[in-house]
Each structure stands twice: as structure tokens, then as C-alpha cells.
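Visitor: I would like a close look at a single part of this model, namely the place where the ligand sits, together with the elements that frame it. Please take me through it in one connected account.

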Amino acid sequence: MAKSKKTAFFCSECGHESAKWTGQCSACKAWNTMVEAPAEPVKIAGHAGRSIAIGAGSNAEPMRLDEIDLDEEDRTSTGYGELDRVLGSGIVKGSLVLVGGDPGIGKSTILLQVCRNLAGNEKKVLYVSGEESLKQIKIRANRIGEVRGPLAFLSETNLGTIAEVLRKTRPDIVVIDSIQTMFMDEVTSAPGSVSQVRECTNVLMQIAKGEGITVFIVGHVTKEGVVAGPRVLEHMVDTVLYFEGDRYASYRILRSVKNRFGSTNEIGVFEMREDGLREVENPSEFMLEGRPEDASGSAAACLMEGTRPLMLEVQALTTRTSFGMPRRVAAGADYNRVNVLMAVLEKRCHLEMSSYDAYINIAGGMKMNEPALDLAIVLALVSSYKDIPISEKTVVFGEVGLAGEVRSVSMAEQRVKEAIRLGFTTCILPRSNMTRMDLPDGIGLVGVRNVREAIDLLKRV
Ligand code: TYD
Ligand code: MG
């Protein structure tokens with residue numbers, strides 16, 4: 001009797017490995033996600049047992065830090081300042097970058113635009129699509145404008161063939177769109193399964209590190225867990241970028257969640273236009289566009305995204321509850337945080353929040369979790385509750401504690417500077433922040449110690 005092949009079970013959400021099948025993944029607690037796959041990495045002809053030389057010139061000898069050369073040239077600009085910042089000032093040679101996001105968010109579009117920019121810069125670029133035919137790519141390319149320079153396309157899903165092409169043509173940059181469509185003959189499971197995705201990424205990693213080719217991998221995120229989510233890949237690649245944003249809103253946010261070459265706090269903002277994605281260099285102005293005038297329940301807040309301040313509008317609507325249980329909805333803000341803030345208002349300011357429904361919305365569909373948003377949520381809620389509008393020239397930030405105190409936040413000076421730049425005339429901020437900063441001209445700063453003081457300002461600002 002033939003000896004049966006050794007298999008194991010992998011969670012298609014997080015890649016957790018288990019010897020037995022279980023209904024629930026013991027690592028990420030997802031249900032019905034365990035799938036069977038070969039347990040050992042597949043031996044691939046020409047790869048088996050080969051060590052990966054990570055970075056040119058490395059060998060089995062240990063080296064001292066001062067013996068290692070750093071080449072400034074190793075970073076290349078993508079032609080988009082917004083993307084370069086998220087990557088940590090440009091593309092690093094030989095790195096593996098995963099771009100994830102919901103279908104239709106614009107992953108293929110941004111990468112095609114990056115390819116166009118790089119090819120215009122005399123870089124040799126290869127765009128491999130497993131999802132679209134060459135004709136479809138051409139249609140998209142026509143939308144984004146003229147493509148010049150050494151940019152080649154390949155419509156292929158067999159990674160063995162792609163690897164051969166890469167070794168032969170040796171491009172500087174290659175895009176794999178998407179990893180879920182790629183397969184290797186040596187792996188028996190279907191494309192998109194955990195083992196296919198894992199093995200394909202492994203081969204791409206060897207090519208990236210061994211040959212110094214920068215590889216961009218597109219990964220789809222699915223909630224059903226049918227296709228292996230890029231979670232499995234996150235451990236293997238150098239940089240993970242996520243494209244977020246409402247599919248129906250025009251702007252897109254590129255966020256890095258892992259980066260071996262830079263900070264993970266930075267975001268890049270893009271806008272989807274008829275002719276592709278366009279960078280938004282002044283996202284604050286973009287986010288505040290179309291604010292209602294003289295309406296209660298609207299407050300401008302200044303948050304930090306990495307090193308950059310970002311203005312947003314927080315909207316609140318409170319209405320009397322018609323059933324026993326008040327309804328609370330938070331779009332873009334943390335639902336539990338909104339409940340906590342309402343409880344603080346009820347207890348510390350004696351506002352009757354428990355008999356009011358409350359709806360909070362961050363205008364523009366942004367998702368924000370920074371504590372500095374607290375005070376803006378509180379003031380928007382009270383403004384709607386008392387029906388007193390807050391002046392559109394007033395900006396608010398500060399963290400609210402359970403005792404109703406307003407606590408200091410980081411980088412207050414940058415936030416105030418951004419408010420001045422955008423023409424705000426009043427800024428409500430934590431008193432403790434004010435004592436520690438140089439008072440700027442051009443804006444009236446009002447420091448508050450607790451939510452009661454902030455609410456008392458409502459009639460005046
Ligand atoms: P796409 O890059 O194909 O998404 P993904 O690769 O992440 O699945 O983006 C497709 C969406 O973007 C589609 O809904 C059409 C829209 N789009 C524009 O609005 N303008 C454009 O110039 C392009 C190329 C796409
Ligand atoms: Mg696509």
C-alpha cells in the first residue's frame with residue numbers, strides 16, 4: 001500500500017497550522033476555516049535546498065555592521081509623494097511589498113500608475129496579471145494616460161513560468177496581480193488556497209532577495225475565508241500596505257501596517273478620478289469640503305496620522321428615544337468609545353443622554369480611533385442635544401477621561417499650526433497642553449480642564 005502523503009490543516013484566515021481538523025481555529029477563533037494541505041514545503045526543482053541570499057553580496061560569513069555598505073541609491077521614488085512616505089521614502093531594492101484591500105478599491109490602478117512612473121524613469125518594469133487579459137490592461141492603461149519606457153505586461157498565472165521569465169529578463173520591479181490567482185504545478189491544491197499562496201510567495205521572496213528585484217504582490221481580502229487571506233503572507237513580506245476607504249466615496253487611504261523600512265504610522269491619501277488615482281496633498285481641505293454652515297451637531301477635529309495633522313468633521317445627531325432602548329450608531333468612530341463618552345456626559349454633566357438616540361458620523365467615511373477625537377465627539381453631541389451650533393471657525397481636540405477630565409494629547413503644536421493654516425480662529429484644547437506650548441499668533445486658544453468647561457463654551461464659540 002502506498003504511504004499516504006503527510007498533510008496538515010491550515011486556517012485560511014490566519015495560516016495557523018494544526019495536526020487535526022477543528023471547527024474553530026484555535027489561534028484566530030474563526031469558524032470553518034481549517035483546510036487540508038500538504039504539511040511540508042514542496043520541493044521545487046532548482047530551488048530545493050538552496051539558501052536565499054538576502055541582499056546582494058551576502059554569504060555564509062558573518063559581517064560587522066561597519067563592513068556592510070549602504071547604498072543610498074537603493075531607494076527609488078514611485079513618483080507619488082504620498083506613496084513614498086507610506087513606504088518610508090521610496091521603494092527599497094529587493095523588497096517584497098504586499099498591497100491588500102477589498103476588490104475594486106484601486107489596487108491594480110495604483111500599481112499600474114506606479115509602473116508607468118517607474119518606466120518613465122527608465123526602470124525596467126514587468127506587470128504580471130493573472131486576473132485580466134492584456135486587452136483589459138490596455139483599456140485601463142489608456143484611462144490613466146500615456147505609458148512610455150520599458151514597461152512590459154504578461155498575462156499568466158503559472159508561477160513557474162513567471163519565475164523563468166523573471167530570471168531571464170531581470171526587471172527592476174515586478175507586480176504580481178494577484179497572488180490568489182497564481183499557482184504552482186508542484187502544489188496540488190487549488191489557486192488561492194493557503195498552501196498555494198504560501199509557496200508562491202516563498203518563490204517570489206527567493207527571487208526578490210536573491211536577484212534584487214522589487215516585488216509588489218496584490219492580495220485580496222475576503223471575509224468569507226474562501227480564499228486565503230493575505231494574513232498568511234503578512235509574516236513573509238517586508239511591507240504590508242492596505243488600501244482602505246469607502247468604495248463609493250472617491251478618496252482612498254493607503255496605510256502601512258507593517259514596514260521593515262519605515263514608520264507604520266503614515267498614511268497616503270488618494271482620490272479616484274476618471275483618469276486613475278490622483279494624490280491628495282492637502283487632505284484636511286478635502287475632508288472639510290462641504291461642511292454645513294450654522295448647523296448644530298458639527299465639530300471640526302484635528303487628528304494626527306503619523307507625523308501629519310488631519311482635519312475632520314465630526315457630526316452628531318441626538319433625538320429623543322421612542323422605544324425603551326436608546327439607539328446608538330457610530331460610523332467611522334469607535335462605537336464603545338461613543339457609549340463611554342455619553343455615559344460621562346450623563347454622570348458628570350447631568351445631561352439626560354440615556355433617553356436620547358445618538359448617531360455619530362465622521363464625515364467623508366474616514367475611520368478614526370485617536371483619543372484626541374473624544375472632545376470633538378462630546379461637543380458635537382452636546383451641540384446637537386442643546387441645538388446650539390459650534391462656529392465653523394472653531395476646531396476641537398482632546399482626550400476625555402472617565403472622570404470627565406480633558407487630558408493632554410501628543411503633538412498639540414502641529415495640530416494648532418494646521419488649524420491656523422486652514423483659517424480657524426478658535427481652538428479648544430486641553431489646558432495641560434496649553435501650559436507646555438508657545439502660544440501662537442493668529443488663533444485664539446481656549447484651554448479646558450474638563451468637559452463641563454468645554455460645554456460652557458458652547459454658547460460663545
Ligand atoms: P481596480 O484597480 O481594478 O481595483 P482592484 O484591483 O483593487 O480590484 O479599481 C477598479 C475601480 O476603480 C473600478 O470600480 C473603476 C474605478 N476606476 C476609476 O474610477 N477611474 C479609473 O481611471 C480607473 C482605472 C478605475
Ligand atoms: Mg485588480
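Guide: Three elements each supply at least two residues of the shell around ligand 1, and these are helix H2 (107-120), helix H3 (134-144) and strand S13 (267-273). Among these contributors, H2 gives the most to the shell, with 3 residues. The model is a predicted one, and side-chain atom pairs count in it only at pLDDT 80 or more. In total, 15 residues surround ligand 1, and the closest of them are Gly104, Ser108, Thr109, Arg273 and Gly276.

The individual polar distances can be followed from one residue to the next. At Ser108, an N or O atom of the side chain is 2.5 Å from an oxygen atom of ligand 1. At Glu274, by contrast, a backbone N or O atom is involved, and it lies 2.8 Å from an oxygen atom of the ligand. Ile105 likewise offers a backbone N or O atom, which is placed 3.4 Å from an oxygen atom of ligand 1. As for the cover that the protein provides, 77% of the 560 Å² of accessible area that ligand 1 has on its own is covered.

Strand S13, one of the elements that supply the shell, also belongs to an open sheet of 9 strands with mixed pairing, whose order is S8-S7-S9-S10-S6-S11-S12-S13-S14. At the edges of this sheet stand strand S8 (151-155) and strand S14 (276-279), each with a single partner strand, so one side of each is left without a neighbour in the sheet. Neighbouring strands of the sheet are turned against each other by 25° on average, when direction is ignored.

Elsewhere in this sheet, strand S7 (residues 125-129) and strand S9 (residues 173-177) run parallel and are joined by 5 bridges, and within that pairing Leu126 of S7 has Val174 in S9 as its bridge partner. Helix H4 (residues 159-169) lies across S7, S8 and S9, and runs at about 175° to S7.

Two backbone details belong to the loops beside these strands. In the loop between H2 and S7, Glu122 has a positive phi of about 65° although it is not a glycine. A cis peptide bond, with omega of about -5°, joins Asp177 and Ser178, and the latter residue, Ser178, is found in the loop between S9 and helix H5 (194-211).

To place this part in the whole chain, the domain assignment gives domain 1 (7-38), domain 2 (72-281) and domain 3 (289-456). The centres of domain 1 and domain 2, taken over C-alpha atoms, are separated by 27 Å.

The chain also holds an open sheet of 7 strands, again with mixed pairing, in the order S17-S18-S16-S15-S19-S22-S23. Its edge strands, strand S17 (328-331) and strand S23 (444-448), each pair on one side only. Within this sheet, strand S15 (residues 298-305) and strand S19 (residues 394-396) run parallel and are joined by 2 bridges, with Val396 in S19 as the bridge partner of Ala301. Helix H8 (residues 335-349) packs on the sheet, where it touches S17 and strand S18 (356-362), and its direction makes about 130° with that of S17.

How values were computed
Residues are numbered from 1 along each chain as its sequence is written. Chains are lettered from A and ligands numbered from 1 in the order in which they are written. This is a predicted model: local features need pLDDT of at least 70, side-chain atom pairs count only at pLDDT 80 or more; totals for chains, interfaces and linings use all residues. Side-chain values use heavy atoms; hydrogens and water are left out. Domain bounds come from an automatic or database domain assignment. Two strands pair if DSSP finds at least two bridges between them. Helices (H or I, at least four residues) and strands (E, at least two) are DSSP runs, numbered from the N terminus. Contact means heavy atoms within 4.5 Å. Axes are lines fitted to C-alpha atoms, for helices over the stretch in contact, and angles run from 0 to 180 degrees between N-to-C directions. A residue is near a molecule or strand if one of its heavy atoms lies within 4 Å of it. A polar contact is a pair of N or O atoms within 3.5 Å; within protein, one must be able to donate a hydrogen and the other to accept it, and residues adjacent in sequence count only if both atoms are side-chain atoms. Accessible areas come from the Shrake-Rupley method with a 1.4 Å probe; for residues, only the protein chains shown count as cover.
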